[in-house]
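User: I am new to reading protein models and would like a close look at how one part is packed. Could you pick a place to start and then follow the contacts outwards for me?

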Amino acid sequence: MTGKRIITCLSAMTLLAVSTLLGGCQASVNTGVVEIELVQYKPEAARYFDEVEKKFNETHENIRLTISSPNDATTILKTRFIREDYPDIIGIGGNIDYSNFVDAGILSDVSDYPGLKEIRGTYLDTLEKLEYVPTEGIYGVPYAANAAGVLYNKEIFKEHGWKIPETWTEFIELCEEIQDAGLQPLYFGYKDIWTTLAPWNALAVDLAPADVCSRVNAGETTFAEEYREVAEKVKTLLDYGEPGPFAYNYNDACTAFARGDAVMYTIGSYAVPQILMTNPDIQIDSFVMPGSDDADRNVLNSGVDLQFCVMSECPNKEAAYEVLDFLLEEENLQDYIDAQNAVPCKEGNFKLASMLDGMSEYIEAGKTVDYQDHYYPAEMSVDAQIQTFLLDGDVDKFLAKFDKDWQRYNRDVIRKVQEYNAANGN
């Protein structure tokens, strides 16, 4: 494995920015105990992983586990890959970074890992669909997922007798009823550009093909054709949000919802801990964004938030699998679910946070579709494009730019996909 294969995934600027952080890395001294290093990308879960490391090392004499949870872990990992300084296991999201790592050939095929048989098939399928072209094998073990749709204030709903909407028309009618009652239906906090992706993704899974990015890469369709209804409905939602949503950030939105300044909040389950910090007594539940007027088309926006990948350079795959077994033990996974308001990717009788009650039916049925932004290249800055579009309201200009930029930032992937399809008959 050479660094040249990896550098295509990175910019030289990124390498220069963090290379100085890694200059002191040294190979560990062989003490007869197998050393396993795990680097995971969620600093907000650092306390959980510190405890996991401690518990594992107290119960395993022949393996010593070291877990790090650095800020900006993905950038640090990419730089280490260029230096061919690989940890044994990485904990990353199911997104375009994973796609690049599979494409670069730096992840180990874990098809022989026995624990896979307990992982929900929908989340294994999610990872497979992220591959640019079909790649034989399985390269990640899904651990936890998240879910995004609409959070709502249960007390206000109960007070007014409002019902959960199941179609787009019912949702807009509900927003009108809330306004007529003198209340604000929604809050956005679009000053932080990433927040624009929450309602965008939740609508896109209902209204656009799940494989739209792959189909565009194959030259079979365009975003102008597939995303028009998504764009128009995201724009419509502005009529029911706070005045001047681009002046308020994510923290403002969480605080406003916690204080009852809005009845609903179009965001994922990951926002709940932030909301509870302001108002621990608020009663929150959630429902799937009803983007379509055909209720059967509406699905839960849920993707792999954390998965574990064994690196192809890992010399102790059996020991790495023992670490995965420990992480997937029901008690440990339940602790993670409790700490992060997460959805388990493993089958089992896990207790979900009460604010996911309205989505549990979709989770159990596997009626979920991945976040479409997991396929978007970071260089394209789709969140900023959505924010600009919502400011000027020009659907045609937005969609034209989306298609133009997609061709620009995905040209290598598009070429690879079309060459594969030509050789293999789609």
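Analyst: Let's begin with a term: a helix here is a DSSP run (H or I) of at least four residues, and helices are numbered from the N terminus. Please keep in mind that this is a predicted model.

Our starting place is Pro245, which sits in the loop between helix H12 (228–237) and helix H13 (250–258). Is Pro245 buried or exposed? Buried means under 20% relative accessible area. Pro245 has 9% relative accessibility, so it counts as buried. What does Pro245 touch, leaving aside its neighbours within four places in sequence? Its contacts are Phe188, Gly189, Tyr190, Lys191 and Leu238. Lys191 is worth finding in your viewer: Pro245 and Lys191 are 54 residues apart along the chain, and their C-alpha atoms are separated by 7.0 Å.

Next, let's move to Trp200. This residue lies in helix H9 (residues 197–207), and Trp200 is buried because its relative accessibility is 0%. Beyond its neighbours within four places in sequence, Trp200 is in contact with Tyr227, Val230, Ala231, Val234, Tyr376, Ile386, Phe398 and Phe402. Val230, Ala231 and Val234 fall in helix H12 (228–237), the helix that comes before the loop of Pro245.

One of those partners, Phe402, deserves a closer look. Phe402 also has 0% relative accessibility, so it counts as buried too. How do the rings of Trp200 and Phe402 sit against each other? A pair of aromatic rings is described by the distance of the centres and the angle of the planes. For Trp200 and Phe402 these are 6.5 Å and 20 degrees, and the pair is stacked. Phe402 belongs to helix H19 (residues 395–409) and Trp200 to helix H9, so this pair ties together parts that are 202 residues apart in sequence. The two rings also have company: ring pairs link Trp200, Phe223, Tyr227, Tyr376, Phe389, Phe398, Phe402 and Trp406 into a cluster.

Stepping back, Trp200 and Phe402 are among the residues with the most contacts inside the largest nonpolar core, which has 113 residues. Leu107, Tyr143, Phe171, Tyr227 and Met264 are also among them. Helix H15 (residues 317–328) gives the most to this core, with eight residues. Apart from this core lies another one, of 19 residues, including Phe257, Ala258, Tyr265 and Met355. Phe257 and Ala258 bring us back to where we began, as they fall in helix H13 (250–258), on the other side of the loop that holds Pro245.

For contrast, try another ring pair. The centres of the Phe81 and Phe101 rings are 5.2 Å apart and their planes stand at 85 degrees, so this pair is edge-to-face. Phe81 is in helix H4 (residues 73–82) and Phe101 in helix H5 (residues 96–104), so here the parts tied together are 20 residues apart in sequence. Phe81 is buried, with a relative accessible area of 0%, and Phe101 is buried at 2%.

Finally, compare Pro245 with another loop residue, Leu130, found between helix H6 (121–129) and strand S4 (141–148). Leu130 counts as buried at 2% relative accessibility. Leaving aside neighbours within four places in sequence, Leu130 is in contact with Gly94, Asn95, Tyr98, Ser99, Asp370, His374 and Tyr375. Both of our loop residues, then, are buried: Pro245 and Leu130.

Notes
Residues are numbered from 1 along each chain as its sequence is written. This is a predicted model: local features need pLDDT of at least 70, side-chain atom pairs count only at pLDDT 80 or more; totals for chains, interfaces and linings use all residues. Side-chain values use heavy atoms; hydrogens and water are left out. A nonpolar core is a set of buried Ala, Val, Leu, Ile, Met, Phe, Trp, Tyr and Cys residues joined through side-chain atoms within 4.5 Å. Buried means under 20% relative accessible area, exposed over 50%, partly exposed in between (1.4 Å probe, protein chains only). Helices (H or I, at least four residues) and strands (E, at least two) are DSSP runs, numbered from the N terminus. Contact means heavy atoms within 4.5 Å. Rings of Phe, Tyr and Trp (its six-membered ring) pair if their centres lie within 6.5 Å; planes under 30 degrees apart count as stacked, over 60 as edge-to-face and the rest as tilted.
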